[in-house]
Amino acid sequence: MNEVASKSTAAARSSAQIRMDSLRNLLKVSEFVIFIVVIVLLIGGALINPRIMGVENLKIITRDTAILAIAAIGVAFPIITAGIDLSIGSIVGLGGVLSAFFIMNWGMPIFPSILLALLVGVVIGWIHGLFVTRLNMHGFLITLVTLGVARGGILVITNGIPITGLPDEYTYLGQGYLFGLIPIPVILCVVVAIFAHYLLRYTYIGRQIYAVGGNIEATRLSGVNINARVVLCYVISVVCASLVGVIQAGRLSLGHPATGEGFELLAITACILGGLSLMGGQGTVPGILVGSALIGVLQNLMVMLNINPYWHKIVIGLVLLAAITFDYSRRKQN
Amino acid sequence: MNKEPLLRMTGITKHFPGVQALSNVDFEIYPGEILGFLGENGAGKSTLIKILSGIHAQDQGTIWLNGQEIHPRSPHDAQNLGISTIHQELALAPNLTVAENIFLNREPRLALGRVDFARMNRAAEELLHDLGTDIPGNKRISHLTVAAQQMVEIAKAVSHSANLILMDEPTSALSAREVDALFALMRRLKERGVGVVFISHRLDEVRQIVDRVIVMRDGQRVGSLPIAEASEEQIIRMMVGRNVTVAAKADAAVGEPVLEVRNLSGYNGVEQVDLTVRKGEIVGISGLVGAGRTELVRLICGVDRLRTGEVRIDGKPVKIQSPADAVAHGIGWVPEDRKLHGLILGMSVQENSSMAILPRLSNWLAMIRPQKERAIAEHYVKALDIVTPSVSQTVRNLSGGNQQKVVLAKWLSSTPQLLIVDEPTRGIDVGAKSEIHRLLAELAQQGIAILMISSELPEILAMSDRIVVMCQGRVTGEFTHASATEEKILTAATQFLTIANSPN
């Protein structure tokens, strides 16, 4: 019974260790590492091509990053619940084409036509949510259906021909600048990010969304209306993608039927880079913004450094692979 | 003992983020010895077992097996070294059959690599028969009760013909008969010279079966005694560092009925149950594993669908169709399996504690009030004596007993009028157990109605004002605190079983 050693020294040692751990943990936070990578890439690229750090190019980078980030923030919601939304690429196309169609073919005013396009997004997301909650279907399946059906819907609406002639007020959403400096998509992205960050970080609804991803059964037994939370997540995802569609149509000045193809890959990659896990239950909006920035910068560098465009998707895919590998190896260590 | 130890560990140290799990622990077991490995939750027993079975690596220290230094790097490694482990948490593949689980990765083969299912099933059934159960080898694990799964796990460990078997609370889900069979098997292993490490919180069991005990406290070895020389009080004192008495419930003023259940039947096996729980009363539900006790709770809490019957809360008929309805009616439910149904392991103590009351903690913008949330968590960490560095510690890093207290904190913070506790002290050490008993008694005194499911008769007998016994989904007996005895309860609990399902 005299084997019990002095407790106080053990306690002192462990508190010192905790401090060391927290320092190490900061370096383990992938968001922080990725932020550094973004900076290094920009500086490194600028050494080769100084125009990369020029104001005009930075405007392009921030605008592209913002557009991607809106979609990534949206798709993050189903991912946090341990689901996924693969439909967003087609939804981006649908959002742009629908709003353009309402304006040009139905003669609707700009603002109501955008609202109506977003409302269609609400309905689609709500249907996704119903399948996931009522039938216990994995989000992967029902959103894969929409990935196909929505792209087909676009072709039916447009007959495969881009809708042109959009008014300036509409294209301003994608092409305009505030004070001639800040791209309008950046403003929209900030609004979406603040809303999402507030929802996830500070409200009980956000907490419950994380809880669903952590342990859906324990969350349900705690009296949380998990069905409502899951449906909300799928709605947010599709609405964000629809908004991106509107912005993209504005940026291109037309509702093009091919817009958004492959966008789900970019958005999901941005989420994983930003610290989300496909197992759900984790991730933050600042992380997603950093992840989107990395992809935005990478894509821009590849253009500015004259890398053959055929290689771009391979690079993005490999970045996704690196992020997932990092995520899984870290989890294995734990 | 002057024999060479079968296994010796010296100076084992292990550190987890924020927790010193083991510091400088020595451990030894001799061939043919059954060693009781004791200590409260969080004392470091499971960690040591996990190091030995290759799940964790020690930070410092050495392990010798038969005089040779070993480094088990994976469970597979440990198995090859002749070390088999039955973990506290069952580790079976739910979609495979009993035999497929037992012989996983070493299935008997026919030509062309086909599995010889007939032989495999027979071999599995023989193993299980030795353990005194008749579980069919071709049954799926997911269709078995927890107790039956436990027996499969034990059969699997035994079948590896290991010379060291580690059992981390193998009896926590077993009935008395199954425990007897397990003990008989352990004695046979002992005769073969196998060393068995036995972890249990039931000291009466430990006294029955082990030769020697090693006692841990706070990650350190407190001492070792031959069981013949150790009194129960002495062991408890070593484990807890103080004296503990078995708590009995003080009489509380019993008031109006809070929960009334009439003629309740479901599609989950519950048949025509009547039940009343009054303010300030603890009603114990006894019965064998699989008697339909948890299923009854699932009906009351709106998890499973009702077929017939009525539930009244405060005398008013209510329709509870989801757990959310149950919470809204002031029902709190501490489930049997805390990891599956009670906790979000990746979240903090604070986030888990507030999970059932989040809307109440929030302002009109749905924002959680952080100070309020923290204050509640800190209050319960203190009140329930939860051992954690802080309320922001991830629940995954806590010991089983402390995790259970976090589940309790979640429901107590919702100020329920009816608290349902399902096996509240399962897998919990002596100290924490009597704390939880005291706590339940206090809650009853404050006027909460408590419905307690327990497989431990001493617990049921000591704590309950009334005892309801279930068998095969029906109520087969009801006793007052004064009139209940172990014999009466057991008779009622096996009422329908005597003919249909007698041993052998």
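**Close-up views of chains A and B**

**View 1. A helix of chain B rests across three strands.** In this predicted model, helix α9 of chain B, made of residues 293-300, lies across β11, β12 and β14 of the same chain. Follow the helix and then β11(B): α9(B) runs at about 110° to that strand.

**View 2. The strands of chain B line up as an open sheet.** Here you can trace 4 strands in the order β12-β11-β14-β15, with antiparallel pairing. Which strands form the edges? They are β12 (273-278) and β15 (316-318) of chain B, and each of these pairs on one side only. Look also at the twist of the sheet: on average, and with direction ignored, neighbouring strands are turned by 20° against each other.

**View 3. Zooming in on one strand pair, β11 and β14 of chain B.** Strand β11 covers residues 257-266 and strand β14 covers residues 306-313. The two pair in the antiparallel sense over 6 bridges. To find your place along the pair, look for B:R262, which stands opposite B:E310 in β14(B).

**View 4. Chain A meets chain B.** At this meeting place, 28 residues of chain A are in contact with 35 residues of chain B. On the chain A side, the elements that give two or more residues are α1 (7-28), α9 (204-214) and α10 (216-221) of chain A. Which of them gives the most? That is α9(A), with 6 residues. Take care not to mix up α9(A), one of the elements on this side, with α9(B), the helix lying across the strands in View 1. As for residue types, the chain A side that touches chain B divides into 12 nonpolar, 11 polar and 5 charged residues.

Technical notes:
Residues are numbered from 1 along each chain as its sequence is written. Chains are lettered from A and ligands numbered from 1 in the order in which they are written. This is a predicted model: local features need pLDDT of at least 70, side-chain atom pairs count only at pLDDT 80 or more; totals for chains, interfaces and linings use all residues. Two residues are in contact if their C-beta atoms, placed from the backbone, lie within 7 Å. Ala, Val, Leu, Ile, Met, Phe, Trp, Tyr, Cys and Pro count as nonpolar, Asp, Glu, Lys and Arg as charged, and the others, Gly among them, as polar. Two strands pair if DSSP finds at least two bridges between them. Axes are lines fitted to C-alpha atoms, for helices over the stretch in contact, and angles run from 0 to 180 degrees between N-to-C directions.
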